[in-house]
Amino acid sequence: MSSRFRASVLAFAMAALTLGACDREEHHDRAKPLGETVPAGQSPDTIWPGGSSPSPLDPRAKLYDNNAPAIAEGQQLFSQMNCVGCHSHGGGGMGPALMDDEWRYGGRIDQIAASIAEGRPNGMPAWKTKLTSDQIWKLAAYVRSLSGLPSKDAVSSRSEGMSSGTPQTLVSHGNIKNSDTAEQ
Amino acid sequence: MRRVHTALLTIIAVVGCAGLQACKKSEPASTTAPIQTAPLPNGAHAIPAAAASPADDGNWVMPGKDYAGTRYSALNQITPANVSKLALSFTFSTATTKGYEAPPLVVNGTMYLITPYPNLLYALDLTKPGAPTKWVFKPKPLAASQGVACCDVVNRGAVYDAGKIFFNTLDGQTFAVDANTGQQVWSTQLGDIQKGETITMAPLVAGGKVLVGDSGGEMGVRGWIAALDEGSGKLAWRAFNTGPDKDVLIGPRFKPFYPMDQGKDLGVKTWPPDAWKIGGGTVWGWLSYDPETKLIYYGVGNPGPWNPDQRPGANKWTTGVFARDINTGEAVWYYQTTPHDLFDHDDINEIILADIPWGNGRRPVMFRPARAGFFYVQDRRTGQVLSAAPYGFVNAYKGVDLKTGEIIPNDDKNPKQGRVTRDICPAAPGLKDWNPSAFSPQTGLVYIPHNNLCMDFGAMEANYIAGTPYVGADVKMYAGPGGNRGAFTAWDPLNRRKVWEIKEDLPVWSPALATAGGLVFYGTMDGWFKAVDARTGKLLWQFKAGSGIIGQPISYRGPDGRQYIAVVAGVGGWAGAVVVGKMDTRDPTGALGFANAVKDLPMKTTAGGMLYVFTLPR
């Protein structure tokens with residue numbers, strides 16, 4: 001099979017997939033990146049008593065945050081480790097939504113990595129004995145990318161694996177305003 | 001090349017849309033006008049199984065009202081003539097904001113409420129003005145259990161028997177609490193959240209046993225039902241719904257009616273090697289009990305994972321109905337509604353025990369409005385299917401073969417790993433999910449609260465990691481033909497026909513209540529609590545609650561001798577997870593695909609937990 005033919009078959013398949021949904025979905029370009037809700041180096045949801053300072057950003061952050069290969073590998077792990085079963089493709093389900101701008105335990109990449117590693121009391125499993133630190137940080141980079149926090153050019157425009165809908169980066173906002181867009 | 005593509009795509013688009021009304025954006029149908037599609041049956045009709053439905057004493061002691069699961073109150077003060085005057089008597093906040101699926105219980109002047117996680121048990125004194133709290137029992141289930149509950153952290157009810165209240169907690173325990181003092185009598189740990197097991201069902205208490213099953217069909221658990229001794233909480237027996245016959249308690253008494261369910265160790269042989277160990281088959285719905293034959297009846301949940309290509313075979317004993325001896329747990333018969341389930345069509349819905357006219361006498365049967373979309377009438381002694389008719393729009397199956405008992409699949413809708421199968425009706429929650437129907441012996445009709453949803457289903461390989469989801473599917477749901485996402489249907493089980501139907505914009509996720517006053521009550525996900533005429537479906541009264549209603553309404557006689565109607569509002573469950581889980585609806589696959597079907601729900605209701613009690617003014 002020539003690569004040209006493969007490409008056209010693929011294009012055809014993707015177009016068919018899209019069209020088969022008729023007019024239930026509207027397609028837009030990727031939603032505009034959301035504002036930085038968690039300024040780098042700060043943890044807005046924690047009180048530092050007596051005027052002490054927040055812990056500095058983990059130096060590993062700059063290796064993973066906004067790093068396209070790390071985000072792509074994190075996206076694969078997100079499916080393989082069944083994160084998708086609870087958080088869906090960012091919209092949430094058994095677990096909270098990850099594509100909005102609410103962070104229960106902090107949205108800084110080291111805070112996200114800590115949530116994945118240690119687990120959280122309302123049902124988030126602790127992954128530190130199942131995954132390596134490198135894998136956890138890649139997952140954290142991907143999770144952060146779901147919320148639109150990293151710069152646009154680092155995020156893959158295609159979702160890994162299969163989705164029955166359009167990639168979440170292309171899905172319209174529907175009829176209701178989401179909390180993360182209402183104020184912008 | 002491009003031209004060819006364009007032409008082909010046009011054809012695909014046209015075919016894809018023309019064949020399916022669901023593609024069109026249609027206006028939500030009127031939510032009140034009933035459609036009279038058939039005259040009322042005359043003469044003989046079905047009645048509840050006598051031994052399983054004793055005379056109404058004005059209490060409400062178990063979710064189904066009685067062992068027959070009628071959800072029918074013999075109280076008749078509130079009628080179509082006076083229901084317009086029905087007024088609020090008192091309210092009570094449950095201090096929870098998750099989906100509230102349980103009924104209140106009423107026992108001799110005390111009301112009991114069991115909440116979703118953290119499973120608080122309240123006792124309210126109905127003999128005093130405003131029904132003040134007598135006590136509250138806090139079982140303190142493990143918080144981590146919330147992380148392995150597939151579809152909100154619901155609880156489907158408590159049960160009263162012989163001075164005790166029995167209920168289950170999300171983290172897999174069964175409790176017995178003294179109904180007068182609120183003190184714990186015993187507790188027994190049955191489920192293990194590390195394996196993904198939770199318990200959300202209401203127990204059935206009968207014959208000195210407390211019957212309990214597990215949830216976790218989306219987590220790769222191995223489903224079971226257990227019987228505890230009512231006095232001590234000690235395990236009397238436990239039967240698994242997959243695996244070798246000895247584990248399933250299949251022995252010499254087991255006589256399945258149809259050849260498809262006959263054979264040795266089918267709970268192993270109908271699976272790939274070892275897949276039965278993580279194959280689901282949970283018991284999170286409703287049990288019925290026939291005191292005459294000492295048999296319990298219950299339906300079994302879906303096989304796991306959802307991706308059917310990972311489990312070739314019939315996947316016994318999932319998605320079917322078991323009859324078991326209550327004392328020993330021995331299986332007596334089984335009927336598999338959907339062998340090798342393709343669509344998460346759990347068979348856990350309510351089973352109503354009735355006796356129908358048959359020849360010159362009556363035949364003991366069960367009514368089952370099943371998730372797959374067919375209303376089954378089955379002989380409850382043998383499991384033989386007497387009739388199976390669709391009570392709404394179904395294209396995932398072509399019918400049920402009454403000779404072999406087998407459902408006839410529609411191969412066009414067979415999901416395959418690595419591709420998306422579209423326009424499957426009903427969707428994963430079925431034409432009807434867990435929320436039970438009511439059966440009125442006055443009309444002989446079954447009142448079915450249900451869905452009208454279709455779905456796209458993308459199957460992919462699932463990876464088993466204990467304590468995490470084991471699904472392997474991306475699902476996206478949407479309204480079925482007509483555009484209404486729910487319906488409330490009065491069904492004539494003998495003539496296999498719809499008598500009237502109320503189309504509802506949102507999925508109907510609340511159970512139903514029928515009363516001897518000639519009324520039927522149910523709630524909507526946007527918070528309307530409705531009373532309709534049992535004979536015509538005409539809307540006679542409605543009340544807007546503070547949150548969507550998915551709870552079981554009940555009717556009881558108060559200490560003052562008056563008839564009361566009670567319901568707890570509190571949106572949630574699988575259908576309402578989009579609200580209580582604060583989900584982001586830009587992802588259509590959220591909440592296992594339900595988010596896409598109810599994107600508008602967060603604008604129509606908010607989370608809450610509030611009891612509403614109504615009565616007629618003096």
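Two strands count as paired if DSSP finds at least two bridges between them. Helices (H or I, at least four residues) and strands (E, at least two) are DSSP runs, numbered from the N terminus. The model is predicted: local features need pLDDT of at least 70, side-chain atom pairs count only at pLDDT 80 or more, and totals for chains, interfaces and linings use all residues. Residues are numbered from 1 along each chain as its sequence is written, and chains are lettered from A and ligands numbered from 1 in the order in which they are written.

**Chain B: a sheet**

Select strands 3, 39, 38 and 37 of chain B, which form an open sheet in that order with antiparallel pairing. Strand 3 (87-93) and strand 37 (554-557) of chain B each have a single partner strand and stand at the edges, so one side of each has no neighbour in the sheet. From one strand to the next the twist averages 25°.

Next, show strand 37 with strand 38 (residues 563-569) of chain B: four bridges join this antiparallel pair. Here R557(B) is opposite Q563(B) of strand 38.

**Chain A: two helices**

Move to helix 5 (residues 109-118) and helix 6 (residues 133-146) of chain A, whose axes come within 8 Å and cross at roughly 120°. Axes are lines fitted to C-alpha atoms, for helices over the stretch in contact, and angles run from 0 to 180 degrees between N-to-C directions. Show side chains for the contact (C-beta atoms, placed from the backbone, within 7 Å). Among the residues of helix 5 there are I109(A), I112(A) and I116(A), and helix 6 contributes residues including W137(A), L139(A) and R144(A).

Note on methods
Contact = placed C-beta atoms within 7 Å.
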